[in-house]
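Open the model in your viewer and keep a selection prompt ready. The stops below follow one another, each with something to select and something to look at.

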Amino acid sequence: MKILFDSHTHLNNDTYTEEERAELISEIEESDVAYICDIGFDMPSSRLALSHARLLPWCWCAVGMHPHDSKDMTEEGMEELREMAADPKVVAIGEIGLDFHYDLSPRDTQRYWFRRQIRLANELAMPIVVHSREADREVMDILIEEGAFSERRKASFADGSPHVDIHCYSGSAEFAKEYLKLGAMLGVDGPLTYKNNKKTIAVVETVPLESLLIETDAPYLTPVPYRGKPNKSPYVEYVARKVAEIKGLTYEKVAKATLDNAKNFFGIE
Ligand SMILES: [Zn+2]
C-alpha cells in the first residue's frame, strides 16, 4: 500500500553512484512510499533534486543552501534558486537554517543567507524546510523576525498556516510547544527509534499528529532495525511505526495522516 511520504530525503546525495541511485529508485517504487521530497543542500544538489523531480512522478523537491555551505552562497546563487523555484516540481525552499554544531561556515554568514532565503520563500509564498542544530532559539528568533510566521505570509497559503517545517526536530517538548503555537510542522526521523531517546519520544507524545511530518534524511540517521547501514526512503516505515507505538495508533493511521500532512504542507494535489 502506497501510504508513506518521506518528507525529507537526499536522493541527490553526492556520494551515490548512478547505479546506486537507480537501485534506490527501484526500491522506492517497490515499497510503501508514495512520495518523497528530495531536499537540496547546495547549488549542485538543488539542481540534481530538480532533475529527479522532473523525471520521477512521485518525487518532489526543495532547493536551497544549507548553513554548512552558506560560505559559498552568492547573489547569482540566489537568482538561480529563484529560477528553479518557478518549476512546479519545486515545492519548498530548503534546507536552510543554522548549524552551530559543525560551524562549517562562519556564523554571521549562516545568519545572513538564512535570512535572505526566508525572504525569498516569503516573496514566492513557498514552504520552508529548516535545518537547526545547536541553534534552536536563534533559528526561531530569525524565523519570527523575517516574517516566516507572519499573518501576511500565512494569508498567502490556502489553509492559513505558515508552512514552516523544522526538519529532524531535536529540541525539547517544551520548545516544541512554542513552535506549535507559531503553527510550525515538526519533522521526526531515525533518532526517534534509538534506545533511550526519551527527549524525542516526549516530543512525539506532545505534538498532535496533524503537526507531524515523518522523514528519513537518508542516507543519514538510519532507524532501528537498520541502524549502522545507509538509510533509504523505504525505511521511513520504521519512523511511522515508532510514532504509532508512542501514540497508541495503528501504523496505517500514522502513515496516512503524515502523508496527508506532507501533501498539504508542500501543496501537492
Ligand atoms: Zn537533510
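In which strand is Ile-93 found? Select Ile-93: the residue is found in strand E4. Helices (H or I, at least four residues) and strands (E, at least two) are DSSP runs, numbered from the N terminus. Before going further, note that this is a predicted model, in which local features need pLDDT of at least 70 and side-chain atom pairs count only at pLDDT 80 or more, while totals for chains, interfaces and linings use all residues. Residues are numbered from 1 along each chain as its sequence is written.

**Stop 1: around Ile-93**

Ile-93 counts as buried because it has 28 C-beta neighbours inside 10 Å. The cut-offs are these: a residue is buried if 20 or more other C-beta atoms lie within 10 Å of its own, exposed if 12 or fewer, and partly exposed in between, with C-beta atoms placed from the backbone. Now show the contacts of Ile-93, leaving aside its neighbours within four places in sequence: among them are Ala-62, Val-63, Gln-117, Leu-120 and Ile-128. Two residues are in contact if their C-beta atoms, placed from the backbone, lie within 7 Å. Then put a distance label between the C-alpha atoms of Ile-93 and Pro-127; they are separated by 6.3 Å, with the two positions 34 residues apart along the chain.

**Stop 2: the sheet**

Select the strands. They form an open sheet of eight, in the order E1-E2-E3-E4-E5-E6-E7-E8, with parallel pairing. Strand E1 (4–9) and strand E8 (212–214) stand at the edges with a single partner strand each, so one side of each has no neighbour in the sheet. On average, neighbouring strands are turned by 25 degrees against each other, direction ignored. Two strands pair if DSSP finds at least two bridges between them.

At one edge, E7 (residues 185–188) pairs with E8 in the parallel sense over three bridges. Select Leu-186 to find its bridge partner in E8, Leu-212.

At the other edge, E1 and E2 run parallel and are joined by four bridges. Asp-6 stands opposite Ile-36 in E2. Follow the chain from E1 through helix H1 (residues 18–29) to E2: this β-α-β crossover is right-handed. A crossover has that hand if, with the strands pointing away from the viewer, the path from the first strand over the helix to the second runs clockwise. E2 is mostly covered, with six of its seven residues buried.

E2 also pairs with E3 in the parallel sense, over four bridges, and Ile-39 stands opposite Ala-62 in E3. The chain crosses from E2 through H2 to E3, again as a right-handed β-α-β crossover.

**Stop 3: helix H5**

Which residues of helix H5 (residues 136–145) are buried? They are Val-139, Met-140, Ile-142 and Leu-143. Seen down the axis of H5, these buried residues fall within an arc of 165 degrees, so they line one face of the helix; the arc is that of the directions from the helix axis to the C-beta atoms. Rotate to the other side of H5, where Arg-137, Asp-141, Ile-144 and Glu-145 are exposed. Add what covers the buried residues of H5, including E4, H4, E5, strand E6 (164–166) and helix H7 (173–182). Gly-147 follows H5 and has a positive phi, near 85 degrees.

**Stop 4: H7 against H8**

Keep H7 and add helix H8 (residues 198–206). The two pack at an angle of about 35 degrees, with their axes 9 Å apart. Axes are lines fitted to C-alpha atoms, for helices over the stretch in contact, and angles run from 0 to 180 degrees between N-to-C directions. Ala-173, Ala-176 and Lys-177 in H7 meet Ala-202, Val-203 and Thr-206 in H8.

**Stop 5: backbone details in the loops**

Select Pro-219, found in the loop between E8 and helix H9 (236–247). The peptide bond from Ala-218 to Pro-219 is cis, with omega near 10 degrees. Pro-225 is placed in the loop between E8 and H9, and a cis peptide bond with omega of about 15 degrees joins Val-224 to Pro-225.

Finish with Asn-196, in the loop between E7 and H8. Its phi is near 70 degrees, a positive value in a residue other than glycine. Is Asn-196 buried or exposed? Asn-196 is exposed, with 6 other C-beta atoms within 10 Å.
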